[in-house]
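Thanks for coming. I will go through one structure today, strand by strand where that helps. Please have a look at it before I start.

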Amino acid sequence: MFNLLLPSLGVVPILVSGGAALLPALLAGAASVIALIFKPKALLAACKRRPGVALGVVAAVAAVIGAIFLIPTTASAAPAGRGGAVADSGSTSTDWRAVAIEVLRQEKAAPSTKPAATDTPAPAAADARPVMLGFDAARTSYDSGPAPRELTEAARYTDEIDGPAAMILCSPLVFGDSVYGGTAVLDPPSNYGTLFRLDRETLKARWVVSEWTDAGEKVELKGIFATPAITADGARLIAGQGLHPDANCALVCVDTASGKLLWRAKTPLHIESSPAIEGDVVVVGCGAIEDPNDHTKLLSHPGFVLAVRVSDGKELWRYDVADPESSPAFVDGVVYIGSGFNGNALVALRSDTDEELAAKNLDRLIWKTPTKYPMTGPVTVAGDLVVAGGGNGNFVFSDPNPAGQIIALDKATGKVRWETTIGDSGLGAISWKDGVLICGSRTGEVLALDPKDGAVLWRKNVGGKAPIVAGPAFTGKTVYISAGNGTFLVLDAENGGEVLGTHFLNDPAKVGELGLTASTPVVAGGDVYVGSETGGLIRFTGGAVEP
């Protein structure tokens, strides 16, 4: 689903003699390192994530010291790769290597996190339910509160270490007084990421975690594409990891108060499917790795749906489904999920354990309905319908002959109720509220459909040439959605999708050349939260609300 072909990057070391012309740049580097000294966590992460940059900064500081105090300094080479060590500057004023070693020593006793502003999430309401992509299986991404239309940016979270390089592809999760999510950083030929908990008002980080030690093994997070899920009590955050080329990833569960790893369920594949929780069970799709030039050629296991016990991480069952990159809906003990490339189907599975199914003499598969195209979009439950989008394109590329559809099936039988052609792939979640379905397409269009027959109520091209790969937030009257180029739009759902407001999410200095603004926005507590490709996570607020 998420497929990137990026050139390998090379680093050429350059040695330059000190001189007056270089002094301002060197002083700037020194200032950066001084800032890091007062943020030990940032220093450690910088050393691990960007050893080459860390080496260059330390060398710059050494040059400054030499230029100012006329004391010769030397710098030793740092090994390449994310785990490289910071070089010893040889300075008599500060032993940078000792600083890094001391930070490493301090970090051994705790997960790789920022200090938490508060250790305990707000208590859940008595009727609380798990929170996942879109809040629930209707995928409205709306909490039924005020819905502002005239938006003003109120706060922004940008990764302190990777800055605009840290993409927020998943949807924010708003729970209690916090916002949760994850990042993905492309660092060819690999990638990595973080999970985070932010203050809901200020978007200041309460914790950010990138790795743990589990049974003596260093566990480093790969990039986060899929939206995590939170248990009904707010105590556990469950996230899949990995982008499309990744193997040997895991479903991880962390404590929401601290970011501490509670368990991980390993998979030989990656997880671009957003987990769904019901009771003590979490389900997710583990997607196949295909040849990037030919989706019909598999480079891995074809894929499977994985079920894990929330309380202890024990695997309960796995069931083979071709390329289930789709995010499942999990309702009343039944899992509905799409089958992507080399699968072209929607399936319904019982969530009972193998032993329970054997005792009842039941199969896990309830129904399987073939579709025209790979079904990689999240599944929505709209009353007695199962609705999903698909097509022959993915999040990065359209097919040379693009095609896509929205399809609705009878929830009980899997019988096709209707199909609507949308021109190109429908990859984001489909929102259902007040008798209307809202979806986006790689054509750049937002569409409103009648759930009775799939008729198009209105369609509006708001992306121009930019595809829409994110899902909408939908209040019944207002639609909030992003185009792939980082344009965030507010639409009037009662007036043909009229554009009420436009905002740009990405960093102006790094506008987002990949077109991967894929985060589904969330409307909660009268605010709107959305992630971006290069601009971090943004909180919008507004005085004027929908009528």
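How many bridges join strand β3 to strand β6? Five, and the two strands run antiparallel. Strand β3 covers residues 178-182, and β6 covers residues 195-199. One facing pair to look for is Tyr180, which stands opposite Arg197 in β6. I should say now that this is a predicted model.

Let me step back to the chain. It has 547 residues, and buried residues make up 57% of them. There are five helices and 38 strands. The accessible surface is about 21600 Å², and carbon and sulfur atoms account for 56% of that. Of the contacts with a separation of 6 or more, 57% join residues 24 or more positions apart.

Back to β3 and β6. They belong to an open sheet of four strands in the order β2-β3-β6-β7, with antiparallel pairing. Which strands stand at the edges? Those are β2, residues 173-175, and β7, residues 205-209. Each has a single partner strand, so one side of each has no neighbour in the sheet. On average, neighbouring strands here are turned by 15° against each other, direction ignored. As background, strands of a sheet pair through backbone hydrogen bonds, either parallel or antiparallel.

There is another open sheet of four strands, with the order β20-β21-β22-β23 and antiparallel pairing. Its edges are β20, at 329-331, and β23, at 365-370; because each has a single partner strand, one side of each is left open in the sheet. The twist averages 15° from one strand to the next. Three bridges hold the antiparallel pair of β20 and β21, the latter being residues 334-339. Phe330 has Val335 in β21 as its bridge partner.

Next, the cores. Nonpolar side chains tend to be buried together in soluble globular proteins. The largest nonpolar core here has 34 residues, and those touching the most other members are Tyr157, Leu195, Leu203, Trp212, Leu237 and Leu537. Elements giving two or more residues to this core include β1, β11 and β12, along with β2, β3, β6 and β7. Which element gives the largest share? That is β7, with four residues. A second, separate core has 30 residues, among them Ala229, Ile271, Ala307 and Val347. As for Leu203 in the largest core, its contacts beyond four places in sequence include Tyr157, Val179, Leu198 and Leu537.

Last, charges. Side chains of opposite charge can pair when their charged atoms come close. The count of salt bridges is 22. Arg364 and Asp354 form one of them, at 2.7 Å from N to O. Arg364 lies in the loop between α5 and β23, and Asp354 in helix α5, so the pair ties together parts that are 10 residues apart in sequence. Is Arg364 buried or exposed? Buried, because its relative accessible area is 7%, under the cut-off of 20%. Asp354 is partly exposed at 43%.

Another salt bridge joins Arg156 and Glu153, with the closest N and O atoms 2.8 Å apart. Arg156 is partly exposed at 29%, and Glu153 is partly exposed at 39%. Asp136 and Arg129 also meet in a salt bridge, at 3.7 Å. Of these two, Asp136 is partly exposed at 24%, while Arg129 is exposed at 57%.

To finish where I began: Arg197, which faces Tyr180, is linked with Asp177, Asp199 and Arg206 in a network of salt bridges.

Methods: Residues numbered from 1 in each chain as written. Predicted model: local features only at pLDDT ≥ 70, side-chain atom pairs only at ≥ 80, totals over all residues. Heavy atoms only, no water. Pairing = 2+ DSSP bridges. Axes fitted to C-alpha atoms, helices over the stretch in contact; angles between N-to-C directions. Core = buried A, V, L, I, M, F, W, Y, C linked by side-chain atoms within 4.5 Å. Buried < 20%, exposed > 50% of the residue type's maximum accessible area, 1.4 Å probe, protein only. Contact = heavy atoms within 4.5 Å. Areas by Shrake-Rupley, 256 points an atom, 1.4 Å probe, with all protein chains shown as cover. Salt bridge = Lys/Arg side-chain N within 4 Å of Asp/Glu carboxyl O.
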